[in-house]
Amino acid sequence: MDNDSPEKPQASARTLMPPWLPRAMALALVFFGLFLLADWAFHRLLGLLIILLVAFFVSLAMEPAVAVLVRRGVPRGLATGLVFIGTFACVLAFLAALVTLLVETTTNLAHETPRLLDEGIGWANRVFGQHFTMHDLSQRLLRESDLIEGYARTAADNVWGVSTTVLGGLAQVLTIALFSVYLTAGGPKVRRTVCSMLPPAHQQTFLHAWDLAIDKTGGYLYSRLLLAIVSAIAHGAFLAILGLPNPIALGVWFGVISAFIPTVGTYIAAILPVFVALSVDPLDAVWVIAFAVVYQWVQDYLLQPRITARTVDVNAAIALLAVLAGGALLGAVGALLAIPATATVQAFLSEYVKHYAVTEDPRIEQTTARRKRSAKAPAAD
């Protein structure tokens, strides 16, 4: 018994560390290092992944128009070029009209600012019983010149940052356009490549999902274009009745912004016409705001449900949730892509998720009142 006692501490020391533990620790460190490397690479490539995602949805939206030209005998590369050239021409025309509107509005406001200030000062004096004059305001502005100079210096310092942001945005747009052209022109090759890596049964599922994505994305774009046309006609006619300058260009501005920016697009689009109206008659600005509010209600509750029911059938609450989620994840890009992506997933699930017949029960529709207790429960003894 005494000879065996010294060997027990050595045996217990050997059992403290199993033979597999060092290898497991080494593997854990390796996997942790790979995770950190993948996380670093993902964050570095996140911008490129977003560009590829946007380019993919742009190619899906352009696919129906390209397919129409291809079926009429136009080579796919030429059809893709024609569709994208037409799209860029429309975008450039819209931007040119927007720049013209901004320049004219700024010029008109600069000429009308003294008159508007005189009218505003006169109204304030009448309402509040004051005796302000333009001379008093100019003297106060001169006394606050340090503050104005500080704002001007800050704006001048930010010019370089704004220029860099604009150039970066243009580079991203060109990159998205380039990838979109490649994906659209090489659509059959991309589909064939993906199908070659899938079993035959899964190939059919993939092609069906691709067709659903094209239908829903194209339907979303078609519904937005219809809403933009209706909004442009309605707002252009109303602005022409008010006698504002450039009513057609302002109507197109209203249509594009209100259609492609969900929920608040009409209110954002109303900012520019309000400034234009201020340079003519401040009362017209009030009428523009009132019409924008009424039209947004009509679009949300009358026009949009009927148009999207034929193109992108997504519940209004789900669409709003999708837009909010997309905006939280990817910003404005995510908000724009949220509805077609949600419509595609919803259509795919509706076909492949098993559904059961629902038994008739008045509780589903809540058409009958709940049964009331005929008598109170007996009290406990």
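## A nonpolar surface patch around Ile268

Ile268 is located in helix 10 of this predicted model. With a relative accessible area of 36%, Ile268 is partly exposed. Because patch members must have over 30% relative accessible area, the 36% of Ile268 admits this residue.

The nonpolar patch to which Ile268 belongs also contains Val264, Tyr267, Ile271, Phe275, Ile289 and Val293. Together, these residues and Ile268 present about 590 Å² of accessible area. Three helices each contribute at least two residues to the patch: helix 10 (265–269), helix 11 (271–278) and helix 12 (282–311).

## Overall architecture

The chain is built from 15 helices and has zero strands. Of its 381 residues, 25% are buried. The exposed area of the chain is about 26,300 Å², and 70% of this area is supplied by carbon and sulfur atoms.

Contacts between residues at least 6 apart in sequence also describe the fold: 66% of them join residues at least 24 apart.

## Helix 9 and its buried residues

Helix 9 covers residues 247–260, 14 residues in total. From first C-alpha to last, helix 9 reaches 20 Å, close to the 20 Å expected at 1.5 Å a residue.

Several residues of helix 9 are buried, among them Pro247, Leu250, Trp253, Phe254 and Ile257. Gly251, Gly255, Ser258 and Ala259 are likewise buried in this helix. As a general point, an α-helix has 3.6 residues a turn, so residues three or four places apart point the same way.

## The loop before helix 9

Asn246 occupies the loop between helix 8 and helix 9. The phi angle of Asn246 is near 55°, a positive value in a residue other than glycine. In general, most residues other than glycine have a negative phi. Asn246 is partly exposed, with a relative accessible area of 32%.

## Contacts between helix 8 and helix 9

Which residues does Ala228 contact, leaving aside its neighbours within four places in sequence? They are Gly255, Val256 and Ala259. Ala228 itself lies in helix 8, and its relative accessibility of 9% places it among buried residues, because the limit for that class is under 20%. Ala228 and Phe254 are 26 residues apart in sequence, yet their C-alpha atoms are 7.8 Å apart in space.

Ala259 is also approached by Arg224: a polar atom of the Arg224 side chain lies 2.8 Å from the backbone oxygen of Ala259. Arg224 is part of helix 8 (residues 200–242). This arginine is buried, with a relative accessible area of 4%, and Ala259 is buried as well.

## The salt bridge between helix 2 and helix 3

The count of salt bridges comes to one. It is formed by the side chains of Arg76 and Glu63, with an N to O distance of 2.7 Å. The pair links distant parts of the chain, 13 residues apart: Arg76 belongs to helix 3 (residues 76–128) and Glu63 to helix 2 (residues 21–71).

Are the two partners buried or exposed? Arg76 is buried, with a relative accessible area of 17%. Glu63 is also buried, with a relative accessible area of 10%.

Terms used
Residues are numbered from 1 along each chain as its sequence is written. This is a predicted model: local features need pLDDT of at least 70, side-chain atom pairs count only at pLDDT 80 or more; totals for chains, interfaces and linings use all residues. Side-chain values use heavy atoms; hydrogens and water are left out. Patches are made of residues with over 30% relative accessible area and no salt bridge: like charges are joined within 9 Å, nonpolar side chains (Val, Leu, Ile, Met, Phe, Trp, Tyr) within 5 Å. Accessible areas come from the Shrake-Rupley method with a 1.4 Å probe; for residues, only the protein chains shown count as cover. A salt bridge is a side-chain nitrogen of Lys or Arg within 4 Å of a carboxyl oxygen of Asp or Glu. Helices (H or I, at least four residues) and strands (E, at least two) are DSSP runs, numbered from the N terminus. Buried means under 20% relative accessible area, exposed over 50%, partly exposed in between (1.4 Å probe, protein chains only). Contact means heavy atoms within 4.5 Å. The expected span of a helix is 1.5 Å times one less than its number of residues. A polar contact is a pair of N or O atoms within 3.5 Å; within protein, one must be able to donate a hydrogen and the other to accept it, and residues adjacent in sequence count only if both atoms are side-chain atoms.
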